[in-house]
Every structure is written in structure tokens, then in C-alpha cells.
Amino acid sequence: MAAQERSSSGTRQPPLVLVVEDEPAIRRIYALMLTGNGFATEEAHNGFQALEKAIAIRPDLILSDIAVPGLDGIELCRRLRADSRTAGIPILAVTGHDDRHYPDRARAAGANHVLIKPFSVETLVVAARVLLDALGAPRDRSIA
């Protein structure tokens with residue numbers, strides 16, 4: 001997979017996904033869906049924490065709910081795209097709103113793809129892999 005990188009020991013590391021969701025149970029479900037399918041995860045409970053973590057850990061992909069407290073998912077996308085350290089990280093946004101307004105706003109703010117809840121494990125995993133294959137590249141996760 002293009003987003004994987006080699007560790008100092010030469011072994012492949014799984015792609016790292018930053019999961020941004022304010023509801024602890026849902027955040028854990030997303031993390032389990034991903035780790036069960038070959039991804040590593042870090043978690044954030046709001047947009048401010050997600051922005052800090054994205055800069056610090058340089059994930060391969062960000063999975064973010066649009067409706068998170070503080071800095072919402074739309075503004076998070078804008079700020080990630082505006083920062084040279086995070087501008088190239090693929091963003092997979094999630095919303096429970098099936099109104100076209102929310103997905104369109106997320107894409108306009110910089111999300112690469114939007115999933116409408118509910119979705120299956122397969123849908124999430126395929127979307128993540130497609131984004132990583134199309135946009136992902138090995139990253140230096142060191143602090144810039």
C-alpha cells in the first residue's frame with residue numbers, strides 16, 4: 001500500500017488513521033473497524049485536539065465526523081488544508097446528515113470524500129484504501 005512506510009527495522013508499518021469523533025463509543029467502533037482491517041489508529045475527541053494531533057503525528061489519513069465540538073469538521077478541514085504540514089493528508093469526512101448541503105460543504109472545505117451514516121465496515125475500509133492509494137504517500141511522521 002502506498003501509504004505504508006518502513007520502520008527503522010525495515011518492516012512495513014500499517015497506515016495510520018486519525019479518528020476524530022466526539023462520541024466515545026462511535027470513535028471506538030471506527031477505530032476497531034480500521035484496526036481489524038490492517039490500519040493503525042489514533043483518536044481525537046474534538047477538532048482542536050485533532051488539529052494538534054494531525055500536526056504532531058502526521059497520520060496517513062484523517063477520518064472525521066463533521067459534527068464535532070469546538071472546531072467542527074468543516075473548519076478542521078479548512079485548517080488542515082491551510083497548513084503546509086497537513087495540507088496533503090487525505091480527509092475522509094463522515095456525517096449523519098443526508099442533506100447534500102453537508103457533504104458539499106465538507107468537500108468545499110477540503111475533504112476528499114464524504115460518507116453518510118450509517119455505513120458498513122466494508123464501505124469505510126474501501127473508502128480509506130482508495131484515498132490512500134490515490135492520494136497517500138509515505139510520510140515522515142517526525143515533527144516538522
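Q: In what order do the elements of the chain run from the N terminus on?
A: Helices (DSSP H or I, at least four residues) and strands (DSSP E, at least two) are numbered from the N terminus. The chain has five helices and five strands. From the N terminus on, the order is β-α-β-α-β-α-β-α-β-α.

Q: Which elements give two or more residues to the largest nonpolar core?
A: This is a predicted model, where local features need pLDDT of at least 70, side-chain atom pairs count only at pLDDT 80 or more, and totals for chains, interfaces and linings use all residues. Side-chain values use heavy atoms, without hydrogens and water, and residues are numbered from 1 along each chain as its sequence is written. A nonpolar core is a set of buried Ala, Val, Leu, Ile, Met, Phe, Trp, Tyr and Cys residues joined through side-chain atoms within 4.5 Å; the largest has 22 residues, and the elements asked for are β1 (16–20), α2 (47–57), α3 (73–82), β4 (91–95) and α4 (101–109).

Q: How many residues are in the other core, apart from the largest?
A: Leu 115, Leu 124, Leu 131 and Leu 132 are among its members. Its size is 18 residues.

Q: Is Arg 28 buried, partly exposed or exposed?
A: Arg 28 lies in helix α1 (residues 24–35). Buried means under 20% relative accessible area, exposed over 50%, and partly exposed in between (1.4 Å probe, protein chains only). Because its relative accessibility is 43%, Arg 28 is partly exposed.

Q: What distance separates the C-alpha atoms of Arg 28 and Glu 43?
A: The two residues are 15 residues apart along the chain. Their C-alpha separation is 8.4 Å.
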